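Got your viewer open? Let's take a short walk through this model, one selection at a time.

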Amino acid sequence: MYTSELHLPATREDFVLACLERSGENARRWLEALDGVCSETVARHAASVDQERRAPEESLKALRDIGAFGVQIPVSHGGLGLGNAMAALAVERTARACASTAAILMFHYQVVHRTVRYGDELQQKRDLPAMAAGERIAASAWTEPGPSKSKSDVRTSLAGRADALFVDGTKTYCTGLDSASVIDVLVNASTDDGHGPTFVRVDADHAGVGREIYPMLGLRGTSTGTVTLSRVPVAPNAVIGGVGEARQLMRANHETPLNPALLALGIASSALGRALEMVREQAAEPTPVLLSESRAHRLAATTVALESVYAYAARLVSGIAAAPDDAYAASSKLKVAATTVAEDLTRNLTHVVGSRGFLMEYGLERHLRDAQATALMGPGNELCLRRIADDLV
């Protein structure tokens, strides 16, 4: 089982420094603890999580023990108070060890960001301490069934009186369902307080919440699937950010670096390290297998591409912090750049290492499958490119 990390792009250090830029010494010490957990626990269970298509329970517990679920949460609510940039670094570092574990962490961070920014005092007091402790892992449910992924056509409903609100509907491609205890659901509200697209927080363990987990090609340990909500009751204070305000909350989510680009960076750097180790093993065999000219070119090109995207990520993380008005387009650029490089890099590395790259025992084929999934995860790359074009003109 592959767990070593023999090579990391030099420009990853620039990305790390950008994420640490506004944090103190506590952040650096915590990052050392995260490195230890990822190396000793998360990476060790990654292969079995993938092969058995199961939730990464051991890894989530180890992350919980070091406070990883509360990275952004203010100290006053039981968190580490280190902000979104450190949360981004935590996702990337975890993804180098296990992308499925990192995906669950990333979607939890998105809900935390929503709660910190838009939750009222009661919601923050109720939810943030439990989220920080990892006792309440959160997921999101945005997408409706059908060919259109537009969030303007929301059929899942929130209706009823102020003292008796219910959610009904179906959501697809929700990540972290086996681990989540709360789910933020995008609904079309029609209540005494108003109407329109709204985020509402539901208890994932309520009897009216059904879960169907997909047999995935990649990111198999994320327990991604369909959620059905049948007359699920919610309290009036379960609405996040106000009735009809969902579009503002969705945009705010996309103004942070907390998107699948971070998973792609971690997957790509781990895949490159694994491929380099395999090449060195082949060269050291009694009958050495040496790199051909074309394989050498592929290896060099993938290294340059990953170095470049890490440098790009460092600049954008710093830019999002310094100029938040540009964050919406910047996060879209990072998503497209990182996931495109991860797809190309993992595919090219299978050519570099040869047929061994398709054997499960070597681990590279898992990175290949996981990388393909990051490009498809929302926001999709086509939508990101449209946002970038709109920003340009």
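**Stop one: a salt bridge to start**

Select E255 and R117: these two form a salt bridge, with their closest N and O atoms 3.6 Å apart. E255 sits in the loop between helix 7 (246–253) and helix 8 (261–283) while R117 belongs to helix 5, so this pair ties together parts that are 138 residues apart in sequence. R117 counts as partly exposed, because its relative accessibility is 45%. Keep in mind that you're looking at a predicted model.

**Stop two: a pair of helices**

Now colour helix 5 (residues 99–118) and helix 6 (residues 121–132); their axes come within 10 Å and cross at roughly 150 degrees. Angles over 145 degrees count as roughly antiparallel, so that is how helix 5 and helix 6 run relative to each other. The crossing is left-handed.

Want to see who touches whom? On the helix 5 side, show H108, V111, V112, T115, V116 and Y118; they meet Q123, Q124, L128 and M131 of helix 6. Sorted by class, this contact has six nonpolar residues, four polar ones and no charged ones.

**Stop three: follow the charges**

Stay on helix 6 and pick D127. Is D127 buried or exposed? It's buried, with a relative accessible area of just 2%. The side chain of D127 meets R126 in a salt bridge (2.9 Å, N to O), and R126 is partly exposed at 31%.

Next, add R201: its side chain and that of D127 also form a salt bridge, at 2.7 Å from N to O. R201 lies in strand 5 (residues 194–203), 74 residues away from D127 in the chain, and R201 is buried at 6%. Finally, select R114, R126, D127, R136, D184 and R201 together: salt bridges with shared partners join them into one network.

Methods. Residues numbered from 1 in each chain as written. Predicted model: local features only at pLDDT ≥ 70, side-chain atom pairs only at ≥ 80, totals over all residues. Heavy atoms only, no water. Axes fitted to C-alpha atoms, helices over the stretch in contact; angles between N-to-C directions. Helix = DSSP H or I, 4+ residues; strand = E, 2+ residues; numbered from the N terminus. Parallel < 35°, antiparallel > 145°, perpendicular 65-115°, else oblique. Left-handed = near helix turned anticlockwise from the far one by under 90°. Contact = heavy atoms within 4.5 Å. Nonpolar A, V, L, I, M, F, W, Y, C, P; charged D, E, K, R; others polar. Salt bridge = Lys/Arg side-chain N within 4 Å of Asp/Glu carboxyl O. Buried < 20%, exposed > 50% of the residue type's maximum accessible area, 1.4 Å probe, protein only.
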